[in-house]
Every structure is written in structure tokens, then in C-alpha cells.
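Student: Could we go through this protein together? I would like to learn what the words we use for it rest on.

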Amino acid sequence: MPTLLFPPLLSFQSLCIQSKKELFASEILLSVSISYFLFPIQTNMEYEDHRFRQVQRPKYDCLLFDLDDTLYPLSSGLATSVLKNIQDYMVEKLGIEQSKIPALCDLLYKNYGTTMAGLRAIGYDFDYDEYHSFVHGRLPYENLKPDPVLRSLLLSLPIRKVIFTNADKVHAVKVLRRLGLEDCFEGIICFETLNPTHKSTASDDEDDVEFLGLKQSSCASNPEIFDIIGHFAQSNAESSGLPKTPIVCKPSESAIERALKIANINPHRTLFFEDSVRNIQSGKHVGLDTVLVGKSQRVKGADYALESIHNLREAIAELWEADKLPEPNYSGVPVETSVTA
Ligand SMILES: [Mg+2]
């Protein structure tokens, strides 16, 4: 009797595309040849065969890449513009006082992974698509240039390659196209993969989108908004007392686990590339081997550190050695190798 070990067949496209309105984005994804994630069905016999073959396989069978500031350098200036646009959104669309923005951004980012996740947690309601188009719509994408060196490195790797970003799919595809890497990956795990489409309850009318948030006000005059600045001003304040966010994103370990499950990725046979230290540490906790990108020194939780993603071949040459046998590891715990390049 066959045993169903994984969920039924399901495409990445169906996970990523939520509504007819997003068909355009769907077409973009198709046009850049990013294919589907398929979930295999294994039988008991196949499982035994799989165990036998596993002994002869290389150490990794998947490379999981963050996108922003990982596949291109921080010096491109996109991150600075993203922060500026988020702050403008908070003032213009959510009606938050300018003087509170720096402290609020800092607390939300630290406690919720992204400012967006934090804003939802403390009570702000807004359309996710509108937020993303505001924050990413005015970025200096022209600063991103085709990267033929990285492209040839990626294409020469005989291993599954998947993008995992907190950003929305339109941004992810735009960045990959700019870098000339749109056909280097099997798929993209993006914001929409982990979060259902959300329209603000403040308005059902698209014509009113421009006015979303103007109906809201800062926490000082709106008791429905949790005062996180006031919360942490108390001497005995703890993060455990904070409201939960409905948004699923890195560095939450459950978000990473969900992403791995959706893409059928075994964390113990996957190398995770990230510029964010806390994402690296969460990745390590769920069993991934990790590469901190953009830093020359390893930190706790990082198995490797790469000053640039371009140093990949020098630092982790074994990725190209597809026939190399893995180290015997009878405990089931992945063997860590530490290289700094
Ligand atoms: Mg990043």
C-alpha cells in the first residue's frame, strides 16, 4: 500500500498567485521561466531506495538564497530607499507622527522581523499590495546591473536553487531580471507564498485606496493601536507581552519551516545564503547549514561567511563536486564545515 509522505501535487504558481487581479504578475513569472514546485509522492519501497541512494549523494541537494543585499551588494542603495519609503508610508498613509517614526521603525523591525509585520501587529490595517507598491515602486532599480559572473556561477552549480525572500513577488522578479538571473532559480518563495492577500477593512473600494490610513491616527489618539513605544518605555517591559502579527516572515522559525515544507526542501541537506544575521540564526535553528553574505567574519549560527556572493567557488568548492561522497554521519546530525572567505 503506497504511503503518502508529502502533500498532494501543488504548484508554486498556485501558491503564489492569489487572485485574478494578479494575473499580470503571473505572466511575469511565467515569462522569466521560473517553474513550479512539485511535491513528490513516495512509496515505502521508494523510501528504502531513497535511503540507499542517499549514501552516495553529495552533502547538499538544495541552495536557498535570500534576495535583497544577498544576491547584490548593500551599496546598490535599494535598502536605504526601502527604509525611506516605509517611513513615508507610515506618515502619509497611516497618519503616524513624524517624530515617532525612527523609534517606532526600530522597535517594529526588532520585534517583528519586518516593519510591515509590526505595523499589522500593533493594530494598523492596510492593503498588502498597496504597501508593497508604495515601498518598492520608487526604488532605484536602475542601480542593479546584470551580473554575468554570478549568473555563470549559479548556472554551473548542479544543485536545486530556490529564492526565499520576505519581499513581494513583483519586486523579486524585477530584481532578478535586472541582475540577469531570472532563469537561474527553480522558484521563488516570496511574501505572497506565506501570506494570503489582505485588503484593508477600512475600505472595500479600490478608489479609496489612496485614502487608506488617513482614517487612522497615531496610537496617542486611537486606543485600538498598541502603544509599543510606551510599552518599552516601562522599566519591566518584555517582548512576550507584545501583540502577535498575522504576517508570516523571516526570521520567524515557523515561517522558515513553512517555506521549506511548501518547496519540499530538506533543511538538513540545504545551504541557506543570507545577509541578515538573525535570519541566519533562525535558519540554523531549523536545521539549515548557513552562509552569511556580505560579511568577512562568521557569527554564531553561520557555517560560512562570504564578503560577496562572488566568492562562492573559492569558499565552498565542494558544491561543484557533485560526485564527492559525504562524511559518514550516523547520528543524523549534519556535519558542519566552517570556512571564511
Ligand atoms: Mg536580505
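**Reading a predicted model**

Tutor: Gladly! The protein chain has a mean pLDDT of 79, and 71% of its residues reach 70 or more; pLDDT is the predictor's confidence in each residue, from 0 to 100. Over residues 202-220, though, the pLDDT is below 50. This is a predicted model, in which local features need pLDDT of at least 70 and side-chain atom pairs count only at pLDDT 80 or more, while totals for chains, interfaces and linings use all residues. Residues are numbered from 1 along each chain as its sequence is written.

Student: What makes leucine 157 partly exposed?

Tutor: A residue is buried if 20 or more other C-beta atoms lie within 10 Å of its own, exposed if 12 or fewer, and partly exposed in between, with C-beta atoms placed from the backbone. Leucine 157 has 17 other C-beta atoms within 10 Å, so it is partly exposed.

Student: Which residues is leucine 157 in contact with, leaving aside its neighbours within four places in sequence?

Tutor: Those are Leu63, Leu319 and Trp320. Being in contact means that the C-beta atoms, placed from the backbone, lie within 7 Å.

Student: Why is strand S5 described as largely enclosed?

Tutor: Strands (E, at least two residues) and helices (H or I, at least four) are DSSP runs, numbered from the N terminus. In S5, residues 289-293, 5 of the 5 residues are buried, so the rest of the structure largely encloses this strand. Asp289, Val291 and Val293 point one way, Thr290 and Leu292 the other.

Student: How do you know that S4 and S5 pair?

Tutor: Two strands pair if DSSP finds at least two bridges between them. Strand S4 (residues 270-274) and S5 have 4 bridges, in the parallel sense. One example is glutamate 274, whose bridge partner in S5 is leucine 292. From S4 the chain crosses through helix H13 (residues 277-285) to S5, a right-handed β-α-β crossover: with the strands pointing away from the viewer, the path from the first strand over the helix to the second runs clockwise.

Student: And what joins S5 to strand S6?

Tutor: There are 3 bridges between S5 and S6 (residues 304-306), and the two run parallel. Here leucine 292 stands opposite alanine 305.

Student: Which residues of helix H7 are buried?

Tutor: In H7 (residues 128-137), they are Tyr128, Asp129, Tyr131, Val135 and His136. They are on the same side of H7 because they cover an arc of only 155° around the axis, taken from the directions from the helix axis to the C-beta atoms. These buried residues pack against helices H4, H6 and H9.

Key: Contact = placed C-beta atoms within 7 Å.
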